[in-house]
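User: I have a structure open and would like to talk it through with you. Could we go over its parts one at a time?

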Amino acid sequence: MPDMGQYFNIDNPSFEDNFHSNGQVYWYASEFIHWLGYKDYSPTMTPINKAMSVCISIPTIIMADHFREEVRLINGKNQKDFKLSRFACYLVSMNSDIKKEPVAKAQAYFAAFAASIQNYIHTSDDIERVPLRKEITESEKSLSSTAKKAGIVRYDIFANKGYMGLYNMSINKLKQIKNIPEGETPLDYMGAEELGANIFRLTQTNAKIKRENLKGQQALESAAYNVGETVRKAIRENGGTMPEDLPPEVHVNKIKSELKKTSKEFSKKDKKLIQKKS
């Protein structure tokens, strides 16, 4: 495969010369993925799906402005493609395999443009927090609905049992050791790894209640604790860091805010490309 990293050379980037335009600047996902060092393109491949999930997780960002579907001929077959904005290209690159040299170059290239407005986004894990935080909210809502149908009376005690199992301490103690401000949830300060562990805990607790047809406060509390404890054990056996030892991150809303600013800044740059071409 030729050197795809040439597209993201800081001094002479081919990326800037290979855009398409129909009044708006865009790059085809099928082409961009190839520049990132991927051999094959699919509209459902992980980097694209994850990038779209980030957009969906920020209400003020309209996904259709950055990922516009188009069916076109690719390698002799009609296939769904996406017209990507510069911001969409940035998100796709940040959700791609960093072990690929072109991906590393692309991430550095886009980061250079955003350097003046981003103080908290340094790696793909920072961006991944946004859709994971949205997912955990949806998991909590689903578990709450299941628990109420199963006869829960004190949901706060039930929820705390899950934390007790996973962290070996109450949620209040967890907030204390991680210096979480009063009245705020530790979920907003969790990194991607810790959020992932809690999503697994919540979804498996939900599944256990349904699968075993559990009923009543005591049975549900036991289920929440046992699932949390099982997840904790799995982390230990896999040599992972105990969740209470993972450092707190900046509030996830700061990441969202920087992504909004990045989207606006990239849009301004694309308008300049249009003017330059005209």
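User: Which residues of α3 are buried?
Analyst: This is a predicted model, and in it the buried residues of α3 are R86, F87, A88, C89, Y90, L91, V92, S93 and M94. That makes the helix mostly covered, with 9 of its 9 residues buried.

User: OK, and what about the sheet, what order do the strands have?
Analyst: The order is β1-β2-β4-β3 in an open sheet of 4 strands, and the pairing is antiparallel. Because β1 (20-21) and β3 (67-74) each have a single partner strand, they stand at the edges, and one side of each is left without a neighbour in the sheet.

User: Which strands does α3 touch there?
Analyst: Helix α3, residues 86-94, packs on the sheet and touches β2, β3 and β4 (77-84), while its direction makes about 105° with that of β4.

User: How many bridges join β3 to β4?
Analyst: These two antiparallel strands are joined by 8 bridges, and one opposed pair puts R72 across from Q79 in β4. The hairpin formed by β3 and β4 has 2 residues between the strands, and N75 there takes a positive phi near 55°.

User: And β2, how many bridges does it share with β4?
Analyst: β2 and β4 pair over 2 bridges in the antiparallel sense, with Y28 standing opposite K83 in β4. On the β1 side, 2 bridges join β1 to β2 (residues 25-28), again running antiparallel, and H20 stands opposite Y26 in β2.

User: Switching to the whole chain, how many helices and strands are there?
Analyst: The secondary structure comes to 10 helices and 4 strands. Along the sequence the pattern reads β-β-α-α-β-β-α-α-α-α-α-α-α-α.

User: What share of the residues counts as buried?
Analyst: Of the 278 residues in the protein, 48% count as buried. The exposed surface comes to about 14,400 Å², and carbon and sulfur atoms supply 48% of that area.

User: What box do the C-alpha atoms fill, and how much of the contact set comes from residues 24 or more positions apart?
Analyst: Taken along the principal axes, the C-alpha atoms fill a box of roughly 70 × 40 × 35 Å. Among contacts with a separation of 6 or more, residues 24 or more positions apart account for 70%.

User: Last one, how many positive and negative side chains are there?
Analyst: There are 41 positive and 34 negative side chains in the protein, and the centres of the two sets lie 4 Å apart.

Conventions. Residues are numbered from 1 along each chain as its sequence is written. This is a predicted model: local features need pLDDT of at least 70, side-chain atom pairs count only at pLDDT 80 or more; totals for chains, interfaces and linings use all residues. Side-chain values use heavy atoms; hydrogens and water are left out. Two strands pair if DSSP finds at least two bridges between them. Contact means heavy atoms within 4.5 Å. Axes are lines fitted to C-alpha atoms, for helices over the stretch in contact, and angles run from 0 to 180 degrees between N-to-C directions. Buried means under 20% relative accessible area, exposed over 50%, partly exposed in between (1.4 Å probe, protein chains only). Accessible areas come from the Shrake-Rupley method with a 1.4 Å probe; for residues, only the protein chains shown count as cover. Lys and Arg count as positive and Asp and Glu as negative; His and the chain ends are not counted. The place of a charge is taken as NZ of Lys, CZ of Arg, CG of Asp or CD of Glu.
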